Each structure stands twice: as structure tokens, then as C-alpha cells.
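Trainee: I should like to learn how to read the features of a protein model, one kind at a time. May we work through an example together?

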Amino acid sequence: MRTTILTAAALLGLAAPASAGNTVITADRYLDVAKGTYVEHPAIFVGADGRITGIADARTVRWSAETTHIDMGGKTLVPGLIDMHVHLDSPADIGGYRGLQYTDSFFAVSAVANGRAMLDAGFTTVRNVGSANWDDIGLQQAVDGGYVVGPRIVGAGYALGVTGGHCDVTGFPPSMERARKEEGVGDSPDELRYQVRRQKKYGAQVIKVCATGGVFSHNDEPGQQQLTQAELEAIADEAHMAGLRVAAHAHGAAGIKAAIRAGIDTIEHASLVDDEGIKLAVARKQPVWFAMDIYNTDYTQAEGKKNGVLEDSLRKDREIGQLQRDNFRKAFKAGVRMIFGSDAGVMPHGQVGRQFATMVTYGMTPLDAIRAATLNAAQALGREGDVGQIATGRFADIVAVDGDPLTDVRQLEHVSGVIKGGKRIEPAR
């Protein structure tokens, strides 16, 4: 059998499996996102650890009766999708002060269903950039331990910010303020270094920082810079020393540029980026990536009022929505590295695949958009050896669609099958 595998692989230029493996996945074809081409009739072998051991031609290779066969006949396979900006403990239909109707633990429990919705939508890896009570870390531990079904989670714990800023708890009178600062809040380089260490202590795998104001925070504006250059540099330095990457919430042009200069790894939203900021992002030797959530305005403007989102937040959302989309087009055309980030939680987690079509509308090809959620995202995470491609050595995280996503990227809005670590995920009922 091994001779047959090797011969087939040699003829097709494909890596041969090191062994037959525990599982084999077959389909009509799969997308090699690095080359941008399809490979026909794959037989993808997966070992006991959930990683791909090799790929051969299903028309010529044979496997033993003991091998589990996942037959995706008639389907096109793409790598498991990666969303680099989610909030799993934020139900999209609970906005504004409506959240006060629920007990604190409700949001951690809701994260289980939201994570499952993302997995069922084809997102096998997510980066959760900020949660209360370390909900994302707890869910990641539960998924990894097999207690619940969900995507691979890269969690940040609490997002870091300044007193009264986007990452602080705002909108309440002084009588409701705690005697101490909110978790994640710091007002000097040293205080924010401490917060980096504290998030890492409790399991954070990435650090999230709020460099500017935001849409859904009270008493600020998206364009306002909220952290000084020295504070951003301290956060980046401390995180990188600990082996963690940093994501900066940054709508405003000044905050974006400060974050890029500070060595922040990914810029979230980047709504009001200017020409200088784009040039800085393209030129920086250490790669910097933009995660621009350019679909969710459609949802918030349609459903936000009903969900309890405050009118001031809806106003800010209206003001920057189209500017963000136009700047997405400009930044991508200029050569800024792009990753997929939906801000799920602002919109329903199961609908994030709709962003692919918006990315294509604003300048990307379908392949560009798919790479943003696979190859690019894996690079931005520093996880190229684990996720982002269907390739030997990577986890067998795979999504099946009925048609051709390189022709119609909307195929990714309704996936027909999800495989994580070589195991088929049955849709939640």
C-alpha cells in the first residue's frame, strides 16, 4: 500500500503520507491557498493527533478497512476558517443597558453557544479579543478538554485600556463605581505592563489594547487617541518579551499610527486610517496586519435599535461605516497585509461568513478574502505550522462547500461540512 501511495504522490507532485493514518478525507478537490489553485481528487490522511500526515490521489491510493473514511464527495474543501476578532461572550441581540437584566455568569454560558455557532459556520479557529471574567480562557480550556464542542480559541482575557476609555466600564454614575480600577485598566506605562503580566498569568495567549475610542463605549469618539505612545510601547514590549502578540483596537488615524510605531502586531477596525498610516503599515519591517470588520454595520443599523443599542452608538456606527469600507479598499490596494476580523458579538456569530462578499465588493478577489481568513490569519497568529492550510503537518481543520468559492465567495456563507482535527463536526441542533 505504501508503494502505491508513494507512486501516486510522485506522479502528482503531492506529499505522500508517512503512514495510512487513522482517518482519510476525500472530496472532489481542495484549495491550496498558498498556490491559489485546486488539487483534484485528494485523499487527505490524518493521524491520531489530528494532524495531516500526507495527501495522495484518491483515484490510485488505497487504505485499510480500519481507517475511518470521511467522504466529502461532490464538495470543494478549503482550510478551516480563522476569525481574528470575535467576542464570544457577547450575544449580538443584547445591546446597551439590556445586559444589566442578566446575571454575570449568563455571558460565559452564552459563549458556549456562540463558539459552537462559529464552528458550525466553518470557523475552526477564532481569536477572542477581550472578554469579562476571563470567559474566553475558560471556554478555551473547556473546548481543549473535550467538555464542550467549539473552535480553537486564542483568548486575550480582559482588554487593556485607560480610565474612562473604550476598554473601561463606562456609562454608570460614580455611585456604582468599584473602589478599585476595573480589571485591565491602567494609567501609566508601568500599570499597563502589570496588566499585560496579569492577563498572561490567567491564560491569555494574545494581548488586546484599546488605543482609541469606540463605537459602543460611552462618552468617547472613535477617532480619539486614548493611550500615549509610551504606554503603547510599554504594552508591546512587555507582551513581546512574554512571547505574546498584541492587537490594538484603533479607529482613529492618530491612534493607528501610534500603535504601528509602537510595534503592535494587528490593528483592529482601522476605520479612519489616513494615507500616512497606510504608508507606515506597508513599510514597517516587522509585519503589521489590519483586521477591518467591514460587514457588521449592515447588521447593527438594521437590528441595533431593536437590540437595545444606544442611539449615540448607532450614530457613531453610521458615521464611520462607509469610511471604514472605503479605507479598506484603499489600504488593501496600497499593499497593507489584511486578515479576516468580523467583530462577532456586534453581529451574530453564525453570520460572520457574510463578510467575505463585502471584502470582495471593496477590492479583494475571492482568493484574497479566503487567504485573509486562512493563510494570512495563521501568519498573524504565529501559528503557520498548525492552521491556515490543508498541508502536511497542519491540523486537519477543513471546511466543505458545495460550489466554487473562487468564483462565488458566498459559498462560504453556508458551509456544508466542518472537520476539526480530522473529526467531522455534526451541526448543533
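Mentor: The following dialogue takes up a sheet, its helices, some backbone angles and the enclosed spaces in turn. Please keep in mind that this is a predicted model.

Trainee: Let us begin with the sheet that contains β7. What is the order of its strands, and in which sense do they pair?

Mentor: The order is β6-β7-β8, an open sheet of 3 strands with parallel pairing. Because β6 and β8 (152-155) stand at the edges with a single partner strand each, one side of each has no neighbour in the sheet. On average, neighbouring strands here are turned by 15° against each other, direction ignored.

Trainee: How many bridges join β7 and β8?

Mentor: These two strands pair in the parallel sense over 4 bridges. One residue pair to find on the display is T125 with its bridge partner R152 in β8.

Trainee: Which helices should I examine beside this sheet?

Mentor: Two deserve attention. Helix α2 lies across β6 and β7, and runs at about 135° to β7. Helix α3 also packs on the sheet, where it touches β7 and β8; its direction makes about 150° with that of β8.

Trainee: Which residues of α2 are buried?

Mentor: In α2 (residues 104-120), the buried residues are F107, S110, A111, N114, G115, R116, M118 and L119. They pack against β6 (81-86), β7 (123-128), α3, β15 (417-420) and β16. After the helix comes G122, with a positive phi near 100°.

Trainee: What should I expect of phi in residues other than glycine?

Mentor: Most residues other than glycine have a negative phi. Two residues of this model may be set against that general statement. N219 is not a glycine, yet its phi is positive, near 65°. A270, likewise not a glycine, has a positive phi of about 50°.

Trainee: Where do N219 and A270 lie, and is each of them buried or exposed?

Mentor: N219 belongs to the loop between β9 (206-210) and α5 (229-241). Its relative accessibility is 70%, so N219 counts as exposed, the cut-off being over 50%. A270 belongs to the loop between β11 (266-269) and α7 (275-283). Its relative accessibility is 0%, so A270 counts as buried, the cut-off being under 20%.

Trainee: How is a residue with an intermediate value described?

Mentor: G382 provides a case: its relative accessible area is 36%, and G382 is therefore partly exposed. This glycine lies in the loop between α12 (375-381) and β14 (398-401). G382 and L244 are 138 residues apart along the chain, while their C-alpha atoms are separated by 9.6 Å.

Trainee: May we return to strands? In which sense does β5 pair with β1, and in which with β14?

Mentor: β1 (residues 23-32) and β5 (residues 68-79) pair in the parallel sense over 7 bridges. One of the partner pairs joins A27 to M72 in β5. With β14, β5 pairs in the antiparallel sense over 4 bridges. There, V78 stands opposite V399 in β14.

Trainee: How do side chains point along a strand?

Mentor: In a regular strand, side chains alternate between the two faces of the sheet.

Trainee: Let us turn to spaces in the model. What is the volume of the second largest pocket, and which residues lie nearest its centre?

Mentor: The second largest pocket has a volume of about 260 Å³. Its lining comprises 13 residues, among which V143, G150, K420, K423 and I425 lie nearest the centre. Both α3 (135-144) and β16 (423-425) supply at least two lining residues, and β16 gives the most, with 3 residues. By class, this lining has 5 nonpolar, 3 polar and 5 charged residues.

Trainee: How many cavities of 30 Å³ or more are counted?

Mentor: The count comes to 1 cavity of 30 Å³ or more. The largest cavity has a volume of about 40 Å³. Its lining consists of P79, G80, I82, T124, T125, D386, V387, G388, Q389, F395 and D397. By class, that lining has 4 nonpolar, 5 polar and 2 charged residues. T125, met earlier as the bridge partner of R152, is thus part of a lining as well.

Key:
Residues are numbered from 1 along each chain as its sequence is written. This is a predicted model: local features need pLDDT of at least 70, side-chain atom pairs count only at pLDDT 80 or more; totals for chains, interfaces and linings use all residues. Side-chain values use heavy atoms; hydrogens and water are left out. On a 1 Å grid over the protein atoms alone, a cavity is a set of points where a 1.4 Å probe fits but cannot get out, and a pocket is an open set with protein on both sides within 12 Å along at least five of seven lines; lining residues have an atom within 4 Å of a point. Grid points are joined across faces, edges and corners, and a volume is the space filled by probe spheres set on the points. Ala, Val, Leu, Ile, Met, Phe, Trp, Tyr, Cys and Pro count as nonpolar, Asp, Glu, Lys and Arg as charged, and the others, Gly among them, as polar. Buried means under 20% relative accessible area, exposed over 50%, partly exposed in between (1.4 Å probe, protein chains only). Contact means heavy atoms within 4.5 Å. Two strands pair if DSSP finds at least two bridges between them. Axes are lines fitted to C-alpha atoms, for helices over the stretch in contact, and angles run from 0 to 180 degrees between N-to-C directions.
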